[in-house]
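Grab a coffee and work through a few exercises with the structure open beside you. Try each task on your own before reading its solution.

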Amino acid sequence: VVLVLMPGSGDSVQALKAGIMEIPDVIVVNKRDHPLAETMRMDVRQALNLGPKGPWQPPILLTEALRGEGIPELWTAIADHRAHLESAGLLEERRRRNLAAEVYAVASARARRHLERAVAEDPALADLLERVEGRQLDPLSAVHAILRTVFGYEDDTDHR
């Protein structure tokens, strides 16, 4: 995962707030000729130093994409990370985890569309939503009823 940030855009602050710094394998500060590029790189480095230390520390590169500056270094960093994953036996594990996540993401999206269509087409289910919106029914009770009706799913947890 390559995270690309731009100095002066507030990207670093947003990335720090969202906890995004734990995700990337390589970090790029584009627009390296921007007056705040080096400051942003130092801010990102400090943020990384606050987090957990792992076997791979994401390099923080400066690039200027329009002129192709720093791009060879970026490719080298990507190749280095791949070599790290391969040597640690993590590449296949990551691929498997990503494929499983993709299956869940697609299934979740389709299940949501199915639920939305079912609720829109069934007046009794639509009424449940209206009752939740009118604060006459708690959301978890509505969820339980909708899942039971649409999927035949019986929630074995206390839904109240």
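## Exercise 1: Around Asp122

Asp122 sits in the loop that links H4 to helix H5 (123-133). Keep in mind that this is a predicted model.

**Task.** Work out whether Asp122 is buried, partly exposed or exposed, and find how far its C-alpha atom lies from that of Gly134.

**Solution.**
- Step 1: Relative accessibility for Asp122 comes to 26%.
- Step 2: Buried needs a value under 20% and exposed one over 50%, so Asp122 counts as partly exposed.
- Step 3: Go 12 residues along the chain from Asp122 to Gly134, and the two C-alpha atoms turn out to be 18 Å apart.

## Exercise 2: H4 and the helices it meets

**Task.** Check the span of H4 against the expected value, then describe how H4 packs against H5 and against H6.

**Solution.**
- Step 1: H4 (residues 91-121) has 31 residues, which at 1.5 Å a residue should span 45 Å. The C-alpha atoms at its ends are 45 Å apart, so the two agree.
- Step 2: Look for buried residues in H4, and you get Leu91, Ala118 and Val119. The buried residues of this helix pack against H3, H5 and H6.
- Step 3: Take H5 next. Its axis and that of H4 are 5 Å apart, at an angle of about 100°. An angle of 65 to 115 degrees counts as roughly perpendicular, and H4 and H5 therefore fit that description.
- Step 4: Who touches whom? Ala118, Val119 and Glu121 of H4 meet Pro123, Leu125, Ala126 and Leu129 of H5. Sorted by type, the residues of this contact are six nonpolar, no polar and one charged.
- Step 5: Now H6 (residues 139-151), which packs with H4 at an angle of about 95°, the axes being 11 Å apart. That makes this pair roughly perpendicular as well.
- Step 6: On the H4 side, the contact with H6 uses Ala111, His114, Leu115, Ala118 and Val119; on the H6 side are Ile146, Leu147, Val150 and Phe151. The tally here is eight nonpolar, one polar and no charged.
- Step 7: One more stop on H4: Ala120 belongs to this helix. Its relative accessible area is 66%, so Ala120 is exposed. Its C-alpha atom is separated by 53 Å from that of Asp33, 87 residues away along the chain.

## Exercise 3: The buried face of H2

**Task.** Decide how the buried residues of H2 are arranged around the helix axis.

**Solution.**
- Step 1: H2 (residues 37-50) has 14 residues and reaches 20 Å from first C-alpha to last, close to the expected 20 Å.
- Step 2: The buried residues in H2 are Ala37, Met40, Val44, Ala47 and Leu48.
- Step 3: Look down the axis of H2: these buried residues fall within an arc of 100°, so they line one face.
- Step 4: Here's the background: an α-helix has 3.6 residues a turn, so residues three or four places apart point the same way.
- Step 5: On the other side of H2, Gln46 and Leu50 are exposed.

## Exercise 4: Two positive phi values

**Task.** Find where Lys31 and Arg135 sit, and say how accessible Lys31 and Arg135 are.

**Solution.**
- Step 1: As a reminder, most residues other than glycine have a negative phi.
- Step 2: Lys31 has a positive phi, near 65°. You'll find Lys31 in the loop between strand S2 (26-29) and H2, and at 26% relative accessibility it counts as partly exposed.
- Step 3: Arg135 has a positive phi too, near 60°. Arg135 lies in the loop between H5 and H6 and is exposed, with a relative accessible area of 77%.

## Exercise 5: Two buried residues and their contacts

**Task.** Which residues are in contact with His81 and with Pro58, leaving aside neighbours within four places in sequence?

**Solution.**
- Step 1: Start in helix H3 (residues 71-87), where His81 is placed. His81 counts as buried, at 8% relative accessibility.
- Step 2: With those sequence neighbours set aside, His81 is in contact with Asp25, Trp56 and Arg94.
- Step 3: Move to Pro58, in the loop between H2 and strand S3 (60-62). Pro58 is buried, with a relative accessible area of 15%.
- Step 4: Under the same exclusion, Pro58 is in contact with Pro24, Asp25, Val26, Ile27 and Leu48.
- Step 5: Finally, the C-alpha atoms of Pro58 and Leu3 are separated by 9.9 Å, with their positions 55 residues apart along the chain.

Methods:
Residues are numbered from 1 along each chain as its sequence is written. This is a predicted model: local features need pLDDT of at least 70, side-chain atom pairs count only at pLDDT 80 or more; totals for chains, interfaces and linings use all residues. Side-chain values use heavy atoms; hydrogens and water are left out. Axes are lines fitted to C-alpha atoms, for helices over the stretch in contact, and angles run from 0 to 180 degrees between N-to-C directions. Helices (H or I, at least four residues) and strands (E, at least two) are DSSP runs, numbered from the N terminus. Angles under 35 degrees count as roughly parallel, over 145 as roughly antiparallel, 65 to 115 as roughly perpendicular and the rest as oblique. Contact means heavy atoms within 4.5 Å. Ala, Val, Leu, Ile, Met, Phe, Trp, Tyr, Cys and Pro count as nonpolar, Asp, Glu, Lys and Arg as charged, and the others, Gly among them, as polar. The expected span of a helix is 1.5 Å times one less than its number of residues. Buried means under 20% relative accessible area, exposed over 50%, partly exposed in between (1.4 Å probe, protein chains only). The arc is that of the directions from the helix axis to the C-beta atoms.
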